[in-house]
There are 2 protein chains.
Amino acid sequence: MKIKLTMTALFLAAFFTIGFAKPQPEKQATWIWYPGDYDIWLGNKMQNRRTERGAFFPPFWRLYSHYVLVDYMKKADLPEAEEIEIYAEGPYNVKIDSKMLPGMPRKVTVPAGSHTINIKVYSQEVVPALYVKGSLLASDSSWTVTYEDKEWIDASGKVSDQSGTVRLNASSWNFNDPLSPPSKFKLPVEPMAAVSITKENGGALVDFGKETFGFIKLHGVAGQGMVNLYYGESREEALSLEFCETLDRIEITEENAGDLTLDHSKAFRYVNIQTEGNVRYDSVSMLYEYLSLEYRGKFRCNDEQINTIWDVAAYTMHLTSREFFIDGIKRDRWVWSGDANQSYLMNYYLFFDSPSVKRTINLLRGKDPVSSHINTIMDYSFYWFISIYDYYLHSGDKAFIQEIYPKMKSMMDFCLGRRNQHGLMEGLPGDWVFIDWADGLSKQGEVSFEQLLFARSLEAMALCAEITGDLESNKYYKELASDLKEKLFAIYWSDEKNALVHSRVNGRPTSDVTRYANMFAIFFDYLDNGKKQAVKEHVLLNDSVQRITTPYMRFYELEALSAMGEQDYVLREIKDYWGGMLDLGATSFWEKYDPAESGVEHYAMYGRPFGKSLCHAWGASPIYLLGKYFLGVKPTAPGYREYVIEPELGGLEWMEGAVPTPEGDIRVFVNDRRISVSADTGLGILRFKSRIKPSVKGATIRSVGERVYEIAIEKGKEYEIRYRR
Amino acid sequence: MKIKLTMTALFLAAFFTIGFAKPQPEKQATWIWYPGDYDIWLGNKMQNRRTERGAFFPPFWRLYSHYVLVDYMKKADLPEAEEIEIYAEGPYNVKIDSKMLPGMPRKVTVPAGSHTINIKVYSQEVVPALYVKGSLLASDSSWTVTYEDKEWIDASGKVSDQSGTVRLNASSWNFNDPLSPPSKFKLPVEPMAAVSITKENGGALVDFGKETFGFIKLHGVAGQGMVNLYYGESREEALSLEFCETLDRIEITEENAGDLTLDHSKAFRYVNIQTEGNVRYDSVSMLYEYLSLEYRGKFRCNDEQINTIWDVAAYTMHLTSREFFIDGIKRDRWVWSGDANQSYLMNYYLFFDSPSVKRTINLLRGKDPVSSHINTIMDYSFYWFISIYDYYLHSGDKAFIQEIYPKMKSMMDFCLGRRNQHGLMEGLPGDWVFIDWADGLSKQGEVSFEQLLFARSLEAMALCAEITGDLESNKYYKELASDLKEKLFAIYWSDEKNALVHSRVNGRPTSDVTRYANMFAIFFDYLDNGKKQAVKEHVLLNDSVQRITTPYMRFYELEALSAMGEQDYVLREIKDYWGGMLDLGATSFWEKYDPAESGVEHYAMYGRPFGKSLCHAWGASPIYLLGKYFLGVKPTAPGYREYVIEPELGGLEWMEGAVPTPEGDIRVFVNDRRISVSADTGLGILRFKSRIKPSVKGATIRSVGERVYEIAIEKGKEYEIRYRR
């Protein structure tokens with residue numbers, strides 16, 4: 001909100017050494033902490049909540065911790081004395097101009113004039129967060145924070161100059177209530193009723209009608225004995241006492257009789273309730289737990305199956321967007337970098353919730369020193385780099401790049417230190433080379449796909465180095481990227497195969513061709529036009545190349561095809577593949593789907609009959625494909641300061657939708673003779689094909705190729721174009 | 001304890017792949033954790049307990065945290081099935097041969113045969129420690145532990161090989177009771193009565209007769225209002241409501257009436273109790289809190305003042321030996337590397353408590369990455385390196401060197417990265433160059449003292465590299481040390497001054513001479529004999545060189561003089577300086593003592609009238625000097641496998657004492673005609689001067705110089721030598 005500056009305010013703004021343009025008597029304070037620390041702490045809490053058949057099942061990678069003792073600082077020049085109120089998660093002390101106040105004061109009056117306020121907070125258990133209620137001194141990201149203040153005093157009482165102390169701007173989320181500190185944060189819940197309850201095998205099979213997440217609630221529990229709950233994403237899973245992945249066993253006593261809400265959240269559509277002893281209950285419901293998010297992205301078209309796919313994808317995405325973007329809600333309930341990378345991209349076309357992106361990026365990275373790849377997976381380290389630049393492109397959030405860049409550098413140092421003698425990445429002991437779940441996929445030697453991601457990561461480093469003004473590193477990473485790209489083609493490109501081959505083992509390129517490196521090379525724009533067409537024909541549209549059976553890699557496969565204008569093909573694939581899951585009764589999209597399987601085969605994975613997750617974030621890619629390649633909205637400058645709209649109906653009769661941006665939405669309607677667009681942000685280019693010269697009021701149409709036209713889109717205006725496909 | 005091997009045991013020992021020589025049905029289990037983690041956690045707890053006039057007063061340096069999720073592993077070949085009982089500080093899961101058991105089982109039966117047991121424990125709040133009751137599987141340091149197990153499974157259910165996982169042997173202390181986990185550890189307490197209570201200024205001044213530490217207890221408290229306690233290490237401090245360093249204010253209500261023990265431990269001799277409202281109480285006592293330690297070192301002589309000095313030094317040392325070796329009990333109650341280095345050395349001549357040394361070394365180091373010097377002080381980083389080799393020399397504990405060596409390397413990398421263009425250490429922003437509390441002491445430029453400690457640190461690195469078998473680094477550090485030592489003399493030695501000068505500023509050596517570098521150069525044995533004598537005459541015994549007024553540096557000054565055979569002088573100095581504090585009523589030794597001051601001047605420091613600590617570990621050095629340079633017992637091979645006894649009466653008529661070693665004591669009695677020694681350990685050399693050829697039964701006397709003789713000392717034998725001084 002912009003407010004008029006009064007004369008006083010203008011005077012103050014000129015007078016104060018600490019810049020603030022708009023002094024407000026009641027500035028909103030918020031809980032603040034050391035950057036990244038809350039994300040790490042909350043992540044530990046969340047990722048350690050997974051159970052498997054009652055067993056505690058935490059991640060197998062390194063978890064980090066917050067700094068237990070931090071010093072917050074604010075320098076301000078106060079026109080008059082200001083009383084502040086201090087709330088902290090842990091014991092604290094307060095210094096004004098390096099002089100410590102006695103006790104642990106809740107209220108402090110800071111005298112008028114130029115002062116430095118330090119508040120030091122300690123907490124081992126939770127993040128030592130701080131909330132300061134005040135006007136000019138209200139806690140927000142203008143406060144700085146450090147984990148070592150180096151403030152010693154000499155024997156005569158003189159205070160050190162602290163010039164060696166590194167301070168960062170404090171981080172926050174949206175915890176604005178002093179009485180609701182960050183450690184108490186919980187996702188909201190909402191009561192939901194069951195759709196049906198049937199008797200099965202001596203128990204009750206409760207169906208909530210669709211995949212969901214939360215806490216089962218038993219009403220009117222009485223008697224003594226056990227209640228055993230067997231959860232199922234499928235009916236079959238809930239009925240399998242022996243193999244269902246999650247369960248709860250609760251002993252009922254007088255203590256917990258009455259209405260009983262389970263302690264642990266679970267993912268399920270069905271729950272099979274079995275009692276022992278004389279336990280009975282009146283009814284069953286649940287508390288649906290969710291992250292409060294706005295569905296800003298929208299998509300509707302003439303094809304109802306596509307509309308349903310979009311809706312189910314959006315729901316899948318919502319279920320897996322929680323404290324962080326997780327992989328799946330039944331399993332692993334962990335944060336995986338490769339999975340999250342897709343969630344970020346889908347998020348840009350659905351919620352555009354930047355705090356969730358930043359929390360997830362921070363959690364994945366943890367702290368220094370780096371002792372393994374992110375999630376121990378080589379490709380997942382690379383997705384992490386790439387995702388940061390993607391975030392910048394969509395959000396324009398330079399402050400976050402500044403904050404995370406030192407951690408990008410140490411992460412990249414780790415990667416660079418693991419190159420082999422040819423400067424390529426190859427799995428070392430402890431490295432998981434993942435790529436995809438696919439039978440017989442070789443991870444041996446120097447895999448081309450990994451080098452491709454590595455090159456893209458180096459480019460992301462170069463860009464972020466430039467953003468932060470680290471020009472020396474910018475040059476360094478640019479050179480590394482360009483060297484690696486040269487090697488990539490010299491080593492892996494086969495003129496015979498018209499493709500990048502899969503790997504080089506013992507110094508010899510293999511003759512295997514897989515889709516992975518080839519499809520990424522297309523949308524990374526690493527191929528010239530001839531090679532692109534060759535790859536499309538000989539790899540992407542070639543059924544003899546091993547098919548992809550995970551929505552995870554279908555995401556990129558269809559992205560590559562979309563980037564090459566194959567929207568018609570992509571639409572059919574979406575209908576076939578995602579439609580195929582719907583036909584099998586999916587109410588959220590799956591971790592893996594192989595149309596060749598049948599019946600309960602669909603639910604098995606990892607050697608377990610119900611090991612597969614039936615609600616997996618990477619299943620939601622139609623959100624992204626439809627927004628980016630059908631509506632065709634893409635940022636071309638950070639934060640949508642500039643963007644393009646290149647709509648492609650891909651066989652649809654009409655479509656309409658909205659794409660969220662940091663400053664409002666971009667709206668698009670298209671049918672075969674009319675395009676309507678309007679935008680709340682930036683400077684756009686609408687680019688489209690037309691067999692006739694199109695007409696539009698109030699804008700100039702440029703012809704930019706054979707039957708290709710462009711219109712500049714200004715924010716706040718409505719454009720309606722008449723054209724002919 | 002050695003036990004006879006039965007035939008079965010011999011068979012098992014030959015049969016098992018995992019080595020254990022003595023299978024015991026009831027092996028003692030102990031709580032185990034990731035090496036260093038408990039020390040960090042306990043250190044955070046302790047170092048954040050300091051208050052100053054009621055204000056929370058934590059350290060200004062970086063604090064670390066434990067790993068929140070760790071995986072313990074034991075491989076064993078069981079002759080028969082074994083039932084184990086599991087206790088953990090946090091949720092855990094159990095895997096046998098990579099297969100996770102359901103739930104969180106307390107009891108598990110591991111079948112006979114070769115198996116791998118993994119137990120993974122999570123805890124954010126406290127260290128995720130583990131206790132396994134069992135026979136072959138009982139938890140101890142034969143279990144390994146990691147903070148990232150890298151145990152992923154592929155889509156078909158196959159478990160990764162985990163070959164990239166780094167596992168260390170688990171650490172423990174002495175927590176052998178499964179129901180007393182490490183997080184519940186508290187130092188023991190003992191009730192102590194006051195010596196006198198007098199009315200002063202409307203309150204009660206309670207005197208406990210000597211410096212002490214613990215919790216004040218008020219008996220029979222009644223009424224309503226406040227009790228205010230003002231603590232004093234001196235009478236004057238307790239009576240100074242305005243300037244006493246520590247205080248407590250408790251509101252008395254019906255809730256806490258009766259017997260009231262204060263929550264926070266304090267250091268004091270006096271407590272001034274003032275009440276408000278109608279509060280009254282019957283009596284006052286205290287709970288003395290201490291670390292349970294055995295006074296193994298002993299010293300007695302004909303001079304009662306020296307005996308008192310030894311006793312008060314031992315008490316000072318005991319008061320400051322707590323969860324860790326701290327600096328002072330009133331303040332800072334923190335762990336400082338320079339202070340601790342002296343505590344370690346004194347400990348070797350008093351308690352020989354190795355767990356306390358290891359805890360303190362671990363806490364000081366924290367974890368990677370290194371972002372500042374230890375305690376932010378350059379010299380304190382160097383003392384840390386030196387203290388580790390010292391610990392090895394005294395204890396012979398190779399396992400600890402193996403464990404800490406990687407952290408020594410990263411700490412040294414940090415130091416090496418801060419050298420200036422001449423390869424010398426100079427204070428950078430954020431570095432505290434401390435040396436000593438002394439008026440006008442320059443810290444500018446390249447200070448010779450720092451280079452000297454740096455060279456010694458590099459030598460310690462070289463030695464530890466050799467111990468761990470890192471021969472390449474051994475060579476590297478050796479070369480660095482030798483280069484630096486050459487520079488040291490080339491730059492700082494002044495033939496004109498007969499000394500190392502204090503510093504070089506802007507490329508020019510200064511003409512100042514201070515004692516610091518010169519005295520260290522003597523006992524580091526960096527000087528040839530001519531230079532040693534020159535330094536002794538022109539620096540150490542030269543009153544025009546600025547005097548040292550801290551017991552801290554007197555420790556090293558008197559060590560240097562002792563190393564040069566000046567025991568007579570040193571004894572007079574001890575009597576004068578430490579005797580001087582006793583004359584002023586000291587019941588423990590001080591942080592600083594300047595005989596030129598008088599009255600309450602003695603209590604002031606840091607610009608505060610009672611800022612000085614009157615119980616400071618570094619005040620206890622007579623313990624060390626008397627044991628090492630009067631009784632003359634010194635290890636010459638790790639863990640006292642070899643040692644020398646070079647007794648020097650230094651003007652005493654007789655002395656007797658004991659020096660502890662890892663395997664028993666070394667006992668010495670000396671007067672002017674008789675020396676008696678006996679030892680429980682190693683191979684010793686008794687070296688002494690005699691004007692006549694000495695006589696001894698059952699041993700051969702070798703003459704090794706003019707009037708210098710040696711006898712080889714075997715353990716378990718008594719030696720009595722007749723000689724003449």
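**Notebook: strands, a helix and the A/B pairing**

I started with the sheet in chain B, where β3(B) and strand β10 (residues 144–146) pair in the antiparallel sense over three bridges. For the register I looked up B:Asp71, and its bridge partner in β10(B) is B:Thr146. Note to self: this is a predicted model.

Next I checked what else β3(B) pairs with. Strand β3 (residues 69–78) of chain B also runs antiparallel to strand β8 (residues 113–122) of chain B, and ten bridges join the two. One register point I jotted down is B:Ala76, which stands opposite B:His115 in β8(B). Background for reading such a sheet: in a regular strand the side chains alternate between the two faces.

Then I moved on to how the two chains sit together. I superposed chain A on chain B: a rotation of 180 degrees does it, with 0.0 Å of shift along the axis and an RMSD of 0.1 Å. The two copies are thus related as by a two-fold rotation axis. Which residue of chain A comes closest to the rotation axis? I found A:Glu125, with its C-alpha at 2.2 Å.

The interface came next. I get 57 residues of chain A in contact with 57 residues of chain B. On the chain A side, the elements that give two or more residues are β2 (55–56), β5 (92–96) and β8 (113–122). By residue class, that side of chain A divides into 27 nonpolar, 18 polar and twelve charged. I also compared the two sides: 100% of the interface residues of chain A are interface residues in chain B too, so the copies meet through the same surface.

After that I went for the interior. The largest nonpolar core has 401 residues, and those touching the most other members are Ile388, Met461 and Ile623, in chain A and in chain B alike. I picked B:Met461 for a closer look; leaving out residues up to four places away in sequence, B:Met461 touches B:Phe385, B:Met408, B:Met412 and B:Tyr477. That core fits a familiar trend: in soluble globular proteins, nonpolar side chains tend to be buried together.

B:Ile623, another of those core residues, led me to a helix. Is helix α15 (residues 622–630) of chain B mostly covered or mostly open? Mostly covered: nine of its nine residues are buried. I noted that the buried set includes B:Lys628 and B:Gly627 as well as B:Ile623, B:Leu625 and B:Phe630. Last entry: α15(B) is followed by B:Gly632, which has a positive phi, near 80 degrees.

Technical notes: Residues are numbered from 1 along each chain as its sequence is written. Chains are lettered from A and ligands numbered from 1 in the order in which they are written. This is a predicted model: local features need pLDDT of at least 70, side-chain atom pairs count only at pLDDT 80 or more; totals for chains, interfaces and linings use all residues. Copies are superposed by least squares on the C-alpha atoms of residues with pLDDT of at least 70 in both. Two residues are in contact if their C-beta atoms, placed from the backbone, lie within 7 Å. A nonpolar core is a set of buried Ala, Val, Leu, Ile, Met, Phe, Trp, Tyr and Cys residues joined through C-beta atoms within 7 Å. A residue is buried if 20 or more other C-beta atoms lie within 10 Å of its own, exposed if 12 or fewer, and partly exposed in between; C-beta atoms are placed from the backbone. Helices (H or I, at least four residues) and strands (E, at least two) are DSSP runs, numbered from the N terminus. Ala, Val, Leu, Ile, Met, Phe, Trp, Tyr, Cys and Pro count as nonpolar, Asp, Glu, Lys and Arg as charged, and the others, Gly among them, as polar. Two strands pair if DSSP finds at least two bridges between them.
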